[in-house]
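Here's a quick briefing for anyone meeting this structure for the first time. Have a look at it, then read on for the main points.

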Amino acid sequence: MQEKFKSSIAIGIAVVLAAFVLGSAFKKRNESQDTISVVGLGSKDFVSDEILWSGSFTTKSFEIKEAYSKIISDQKIVEQFFLSKGFKRTEFSFGAVKFDKKFREIRIQGENNYDTKYEQVFDGYEAVQTITFSAKKNPDLMKRIEAVSSKTSELINSGIELSSNSIQYTYSDLPSLKHSLIQSASKDAKERAEKIVEAGNGDLGKLKSASMGVFQITGQGSTEEDTYGGINDTYSKNKTARITVRLEYELE
């Protein structure tokens with residue numbers, strides 16, 4: 001009899017606990033349903049105010065001293081070329097000269113076709129010199145850099161082939177731009193939520209959570225899709241920055 005009594009108590013407690021758990025789960029499920037989640041977009045077109053452009057030229061010799069002497073001689077010619085284009089000496093800079101040992105592969109034919117070998121033979125020292133131009137919040141210098149970047153082929157007449165890199169465009173105040181986009185995206189998200197709730201004759205409650213999407217910078221008019229890691233276009237002068245913000249509100 002006592003065992004039956006204990007068993008009944010245990011069953012009763014289990015039923016109460018099960019009811020409590022199920023009730024809590026139902027309550028939480030209903031609470032989670034009484035929310036609305038919206039995504040807002042902040043977007044802005046802007047023009048880059050920073051530019052970076054660089055190029056390089058090389059010389060080659062079997063003697064490292066001679067290679068260095070040649071590259072210094074060519075450097076003076078390159079310097080004079082850009083000075084003649086209206087640049088000041090302080091508006092561009094030369095990097096340190098880098099040397100690289102070059103090898104070429106030769107084929108050694110044996111007595112029969114199966115004895116063919118290949119060897120790496122020293123082919124001299126290559127000296128590389130870089131030149132870099134940059135400007136920040138200086139429209140005039142930016143225009144001059146853009147203009148001269150397409151004229152370096154003129155150096156061929158002096159026996160120098162300058163290998164030009166692509167111009168890179170950036171923006172000097174990305175933090176402020178990002179903050180303004182977050183504000184715009186948050187405002188857009190809230191307005192969307194208000195319109196949705198208003199259409200359903202409901203009331204928007206307090207903000208429950210907020211999360212920010214990836215900050216993207218693309219060329220204006222680009223059809224490039226957003227990526228998880230973000231996009232940071234450095235090849236377009238005219239750009240578009242955008243960001244998304246997801247807000248979740250409670251419903252009253």
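F122 has a relative accessibility of 30%, so it counts as partly exposed (that label covers the range between buried, under 20% relative accessible area, and exposed, over 50%, with a 1.4 Å probe and protein chains only). Keep in mind that this is a predicted model: local features need pLDDT of at least 70, side-chain atom pairs count only at pLDDT 80 or more, and totals for chains, interfaces and linings use all residues. Residues are numbered from 1 along each chain as its sequence is written, and side-chain values use heavy atoms, with hydrogens and water left out.

**Around F122**

- The rings of F122 and Y125 form an edge-to-face pair, because their centres are 5.2 Å apart and their planes sit at 70° (rings of Phe, Tyr and Trp, the last by its six-membered ring, pair if their centres lie within 6.5 Å; planes under 30 degrees apart are stacked, over 60 edge-to-face, the rest tilted).
- By this rule there are 14 aromatic pairs.
- F103 and F122 are another edge-to-face pair, since their ring centres are 5.9 Å apart and their planes are at 70°.
- F103 belongs to strand 4 (residues 98–108) and F122 to strand 5 (residues 117–136), so this pair ties together parts that are 19 residues apart in sequence (helices, H or I with at least four residues, and strands, E with at least two, are DSSP runs numbered from the N terminus).
- F103 is partly exposed too, at 47% relative accessibility.

**The overall picture**

- The protein has four helices and 10 strands.
- Going along the sequence, they come in the pattern α-β-β-α-β-β-β-α-β-β-α-β-β-β.
- The protein has 252 residues, and 28% of them count as buried.
- Take the contacts (heavy atoms within 4.5 Å) between residues at least 6 apart in sequence: 76% of them join residues at least 24 apart.
- The accessible surface is about 16900 Å², with 51% of it belonging to carbon and sulfur atoms (Shrake-Rupley method with a 1.4 Å probe).

**The cores**

- In soluble globular proteins, nonpolar side chains tend to be buried together.
- The largest nonpolar core here has 25 residues, and V78, F82, F87, I131, F133 and I145 touch the most other members (a core is a set of buried Ala, Val, Leu, Ile, Met, Phe, Trp, Tyr and Cys residues joined through side-chain atoms within 4.5 Å).
- Strand 2 (50–61), helix 2 (64–84), strand 3 (92–94), strand 5 and helix 3 (139–148) each put in at least two residues of this core.
- A second, separate core has 16 residues, among them L181, A185, A189 and Y249.
- Leaving aside neighbours within four places in sequence, F82 is in contact with W53, F87, F92, I131, F133, V148, T152 and L162.
- F82 is also part of a cluster linked by ring pairs, along with W53, F81, F87, F92, F94 and F133.
- R144 lies over the face of F87, at 5.1 Å from the ring centre (a charge counts as over a ring if NZ of Lys or CZ of Arg is within 6 Å of the ring centre and within 35 degrees of the ring normal).

**Helix 3, two-faced**

- Which residues of helix 3 are buried? They are L141, M142, I145 and V148.
- Looking down the axis of helix 3, these buried residues fall within an arc of 140° (taken from the directions from the helix axis to the C-beta atoms), so they line one face of the helix.
- On the other side of helix 3, P139 and K143 are exposed.
- The cover over the buried residues of helix 3 includes strand 2, helix 2, strand 5 and strand 7 (168–170).

**Loops and far-apart partners**

- K137 sits in the loop between strand 5 and helix 3, and its phi is near 50°, a positive value in a residue other than glycine.
- K137 counts as exposed, at 60% relative accessibility.
- N201 is in the loop between helix 4 (174–199) and strand 8 (204–212), and has a positive phi of about 55° although it is not a glycine.
- N201 is exposed, with a relative accessible area of 74%.
- D49, in the loop between strand 1 (35–47) and strand 2, counts as buried at 14% relative accessibility.
- D49 and A135 are 86 residues apart in sequence but 8.0 Å apart in space, C-alpha to C-alpha.
- E126 is in strand 5; E126 and K60 are 66 residues apart in sequence and 4.4 Å apart in space, C-alpha to C-alpha.
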